[in-house]
Amino acid sequence: MEYSSKNRKLLARLAEQGSGGGDSMKRTRSEPSLADSDTSLPRIVIGICAMEKKARSKPMAAIIERLITFGEFEVEVFGDDVTLNSPITEWPLCDVLLSWHSDGFPLEKAQRYAALRKPYLINDMAMQDVLLDRRRVYQKLQESGIPVPHHIAVNRDDLGPGQDPPGFVETEDYVELDGVQIKKPFVEKPASGEDHNIYIYYPHAMGGGVKKLYRKVHNKSGDYDPNHPGTVRRDGSYIIEEFLTTGGTDVKVYTVGPRYAHAEARKSPVVDGKVTRSADGKELRFPVLLSPQEKEIARMVCLAFGQKVCGFDLLRSERGKSYVCDVNGWSFVKNSVKYYDDAAGILRSIVLSAIAPHRLATSPPQALAQPGLLHPECQDMFAAASPLGGMPPRGAAYLDGSEELDERGHYEELRCVLAVVRHGDRTPKQKMKMKVTQEPILELLRKHVDSKGKQAKLKSPAELQELLDVTRGLLEEWDGAAGSSAASELKLDADQDETREKFRIVKTVLEQGGSFAGVNRKVQLKPLRWAALEEGSAEQPRVVEALLILKHGGVLTHAGRQQVWRVVEALLFLKYGGVLTHAGRQQAEALGNVFRTVMYPRYGPAGGGLLRLHSTYRHDLKIYSSDEGRVQTSAAAFTQGLLDLEGDSLTPILVSLVKKDAGMLDAFGKGASDDIQAAKAELYAQMTWDPAAGQSLAAPSQMTTPLPSPPPSPMPVLGSLSDSEPMGGSPPSPQPGAALAAGAAAPSFAVQGSVPPSLQDPNPNPRPLPPGLAGRWSGDACAAGAAGGGPYFNRNSGQAGGERRSGDGQRPRIHPLPPKPLALLRELVQHLKVLVEQLRGKCLQERVDKSGEAPRGYSALTQSPREWALEVGKPCGGERLLLMFDRWRKLLKAFYSERKQQFDISKVPDIYDSAKYDAIHNSELGLTLKPLYATAKVLADAVIPNEYGIDPGSKLRIGSKICCALLGKLLADLANMREESLATAGMVGGSEPVSPLDSRLSAGAAREMAGSAPARLGGSQELAEALDAVSLSSGVRGGEDAVTTVPEEDDEVDEDREALHRLCPTYATDINSPLRHVRTRIYFTSESHMHSLINVLRYSHCGREGGGDGGLVSEEAMRRLRDTTELDYLTHVVFRMYENKRVPVEDPARFRVEVLFSPGASHNLFEVVPLKQDHTLPVAPRMALHRGAGDVGSGTTWARLAALLTPHATPAKASTYTYSMV
């Protein structure tokens, strides 16, 4: 029996719709189904009441074809003419109604039809009104216990244009409604569910501006506006919610009934607004796995809104929790044959359960109709999914870049890429402090004092603008009072004009660049001195002033009367500079490009191995950064190059993809300060040793610039002082290491045949070392086992002698200390004086000329390097000549004291930093820079590396304390990836080719191995030791204790989930190796962490039993590292872990790790050609540090790497395995 004429007509219409009105679809007869041959089973009529464009879409057509080929249903599409123009009494009758809202659909009319005819509703009609208002959607989600982002609903329905509801407050950094505060970055959504113009507001500290999202137009779905003032819209009602970082990915979940959910991920428009499309022009989306909590969320959404077929948006926060941010109602997956099969089967069961449950007792119809009956689009998809049509021929190259046949080994797969990177080229870091007594400045302190009353921090644009206005007013007042042009000229060396000069510098710094966007300027105001208001004075303290004074005990009761104190002097502390330059951004982006093309297998004509891996959610990428602005901007620029993202501003990338971890990458190692001070003491003493005078000429150094703490009260003892006792504040507290720097009897650090007691034992009470280091460290063992370390290691290196005795064993040898460092120091002073005089003349000439515009500013965070341009005769990057002069004058003054004849060696790195910057960026100003740079570099090469230890023992000790948290994280990354690789070994659909040994692993065994690999695997003492160490380091326990725990629904996990988005292999029919997974972690940090990491890699075997057989680093690499005195910008260390599929799982050789190193942009500045063009130095290529470099399959085993590094690492949290792998 043939199909009914109605269904035949429907198929014809669907075919015509899908082919664009071309030739009719070819058909072949199918075998009759049970329902066709049994007339006692009437067909169930399914009515489709929706806009015709949606009702006849390709996904809907594919599902309808599957339903009607069962022979149990008839489908009636109402059509636009009926729904829009006919009364509901004339609408077709149906048993089951599929109806949903879209643009132009008469929802209210369809609701009246459903109430009149009472068909069975797949999607509740009344609840579709709720879906049109985001406020009601969020309210319903919260009532149902479904997590939503932290938000406020700003209702302006009954207000006039521009008006705010009561309780609404907007500031530069946050908005607030009825006490609920949402900080930037935040998302602003229109209340109407049909309005897709969504704004994202960024804080000024990250560049400011607004990202405007909209419905896709060609290949764009969003634009970034850097000039937006950042004020919220007031033309209607909005939901404002916190911005959640999701790894740059959106997840769309599609339900078909409460027990089925299909999820797909796509590139989020918040990153760069570019829509990623396939070769046929469709947006790239790939199926991903859902966690158990997310499956429960899907069930709850389906039931709460009564929408059996429903789509909603899921935000997977990097904090470890998922949130629903939008519910769309009726939605179908596009281009998924398996989804169409599932959806048709589930809809059949839902309909039969409601209309004819007795039919469920019989077996459902078997295979679907012949391919000839299917929609042409579906025929293509069936062909693509078939075993023969979907797999490339044997021996063919895999064009998706996912096949892992790497040239290093025929059966190796890349599993993990870890990199630790120093930030890019930056401006010199600068700071200035001055005491202020001017009332307008003190008023700012009172106005912006923090809640504790200790200080005021001015960082926002409005706060800095206030300070700039006050500074301008003071300067205008002083200049006007001078009365003559001669008196108003800049007197650069006049002591009486020092205050005015410093305020000119403050003004110049604040005006630099023309705006306050970005993290480059910060002002602190701290109270220094107090005075009492006279009794009976007409001036009364304000509330905020009284609060400030009260915090310091300012209101005192003495002799039966009260006295109120107020601040009369404060310390102004200004930090500026240290921001990424245009060259630094270009360097970082170029390095990202290199990583994309070199670090990953490149197969296919486009060579897009990484991009294919990333877009198909088999690439687990996370970018980490310290808290410093230059480091964050470097990370964002690198990410832009790595993922080939578009856009001039890095703000959206920084907010969406870069994760700050100050504790791991920024915080100074606990317990390292004493060791560093001891190393500096010895280094400074030897560098400033004067044989003629028999003493060192080193000035006392401090690790940080001392800031006086505010006094606990205006008087030393409250309520018990006489009127004659002093009123001033208490002296500043001693700074860490001050006793070490000052010495016992020689505050000038002079060494005359004896050593102050503080130098003889610089660390009498050492703090605990990282796990395993304290009991295993031995200087002698390190000396014996450290390749290349002998020439500058001494057993007595921990002792600081009073005289420099070359070669007698009393003083350690320092490499690479120049032969006559004191002569070089004096030579450097002369070069500094010449440069300062040259800049003095240029500043005075600029004051006389007063012609030309100020230099144009540049922000690497918000501007593309293409927007930078060299201005002849002006400093680079918008720096003023006055600031350039002040920078060098302060360095000269701080470095050498003419009166005391002493050198402050701690300023050598700053001098070299400034010399290098000016040699790169300001060489066209005609300054005498080359001899200054050459001398400063020789001295800096001796100072900088040895500040982190002067012998292998101290280098390892200091390095392990500074980067112990980073080392723990690196080991956890490698261990977690190894666990996952073993868990998927031998699975169907895994990476090929596989070893016959892996085929013995069943799915159940793989699951067991994922949780208890450390307890199961053996085979060598080295592997067992490594597994024990990593189990301790990562918090993983073997055997029966290895239980994967799932966080509670309301708890947020602050740890590193192993992946936010995981490709679903069941639905990924066009991916050749869906279980293949590569982890990438990039850590951007500062120079101190780079030195520390390199030192630990070099000497990690020291003090270890069997350490004499060598460590991780080869002898050749040890020699090269010894000669590498500078870890320049973009220095990086890379760990790449490979898995050999032909090696048994218990063999340590199955996983090998390559360790690569690049010294960054380390070149002779006066020989690099690009320097003269755009100031951008290229990054040096990587060299192998591991042993056997150059041989196929070279590198160290994972087991040996873990065994050597774990004793120096802090245990890291284990990853949370959220998604089922089978």
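**Note on cysteines and one helix contact**

1. No disulfide is present: a search of the whole structure finds 0 of them. The structure is a predicted model, and the points below should be read as values computed from it.

2. Cys-49 illustrates the absence of a bond. The closest cysteine sulfur to that of Cys-49 belongs to Cys-94 and lies 8.4 Å away, which is too far for a bond, since a disulfide requires the two sulfur atoms to be within 2.5 Å. Cys-49 has a relative accessibility of 1% and therefore counts as buried.

3. Cys-963 likewise takes part in no disulfide. The nearest cysteine sulfur is that of Cys-964, at 7.1 Å. With a relative accessibility of 0%, Cys-963 counts as buried, because the term applies under 20%.

4. A separate matter is the packing of two helices. Helix α16 spans residues 498–511 and helix α28 spans residues 881–895; their axes come within 10 Å and cross at roughly 125°. This angle makes α16 oblique to α28. The crossing of α16 past α28 is left-handed.

5. Which residues make the contact between these helices? On α16 they are Glu-501, Arg-504, Ile-505, Thr-508 and Val-509. On α28 they are Leu-882, Leu-883, Asp-886 and Arg-889.

6. As to the character of that contact, the residues of α16 and α28 that form it divide into 4 nonpolar, 4 charged and 1 polar.

Technical notes. Residues numbered from 1 in each chain as written. Predicted model: local features only at pLDDT ≥ 70, side-chain atom pairs only at ≥ 80, totals over all residues. Heavy atoms only, no water. Buried < 20%, exposed > 50% of the residue type's maximum accessible area, 1.4 Å probe, protein only. Axes fitted to C-alpha atoms, helices over the stretch in contact; angles between N-to-C directions. Helix = DSSP H or I, 4+ residues; strand = E, 2+ residues; numbered from the N terminus. Parallel < 35°, antiparallel > 145°, perpendicular 65-115°, else oblique. Left-handed = near helix turned anticlockwise from the far one by under 90°. Contact = heavy atoms within 4.5 Å. Nonpolar A, V, L, I, M, F, W, Y, C, P; charged D, E, K, R; others polar.
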